Amino acid sequence: MKKMFALACGIALTSTLAFSADLKDDANYKAKCGMCHGAAAEGKPAMKTAPMKDVAAKPAADLTASITKGKGKMPAYDGKLQAGDIATLVSEIKALK
Ligand code: HEC
């Protein structure tokens, strides 16, 4: 019985670590992106951002480049976010499609 509980915990833990969260629940998104892209990634006309799902169809490499190097009024996140964190954000954006 104890063993089964441990196993269940192990599965629960691995699944939260292995699968990325929703973009809007990502701590990096909340801290660094939401103010311009909206708390639910709905886009903010005042910030000149489109709903994030509208760019989700773009190739992951393009989204990664935009986040890493910046685009238009968007700042570059090279050096501010780890490459792995950017990759997680990109997969969460692609999941909105
Ligand atoms: C200061 C406001 C601001 C912040 C902060 C910001 N963005 Fe943006 N973002 C923009 C604007 C404005 C655009 C539209 C750029 C354009 O097309 O000229 C944009 C565009 C994008 C795009 C589309 C890029 C493309 O290739 O079309 C993605 C993806 C994106 N942002 C992700 C993020 C992520 C992830 C973060 C947080 C790490 C973030 N943004 C933070 C303002 C911001």
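How many nonpolar, polar and charged residues does the shell around the ligand have? In this predicted model, the split comes out at 12 nonpolar, four polar and six charged. Put together, 22 residues surround the ligand, and the closest are Cys33, Cys36, Ser66, Gly72 and Met74. As for helices, α3 (34-37), α4 (60-69) and α5 (83-94) each chip in with at least two residues of that shell. The biggest giver is α4, with four residues.

Of these helices, α5 is worth a look in its own right. It runs for 12 residues and reaches 16 Å from its first C-alpha to its last, close to the 16 Å expected at 1.5 Å a residue. Its buried residues are Leu89, Val90, Glu92 and Ile93. Looking down the axis of α5, these buried residues fall within an arc of 165°, so they line one face of the helix. Over on the other side of α5 sit Ala83 and Gly84, both exposed. As to what covers the buried residues of α5, the list includes α2 (27-32) and α4.

Then there is Lys94, which also belongs to helix α5. With 18 other C-beta atoms within 10 Å, Lys94 counts as partly exposed, because buried status takes 20 or more such atoms and exposed status 12 or fewer. Setting aside neighbours within four places in sequence, Lys94 is in contact with Ala56 and Ala60. Lys53 lies 41 residues from Lys94 along the chain, yet the C-alpha atoms of the two are separated by 7.7 Å.

Terms used:
Residues numbered from 1 in each chain as written. Predicted model: local features only at pLDDT ≥ 70, side-chain atom pairs only at ≥ 80, totals over all residues. Near = placed C-beta within 6 Å. Nonpolar A, V, L, I, M, F, W, Y, C, P; charged D, E, K, R; others polar. Expected span 1.5 Å × (residues − 1). Arc of directions from axis to C-beta. Contact = placed C-beta atoms within 7 Å.
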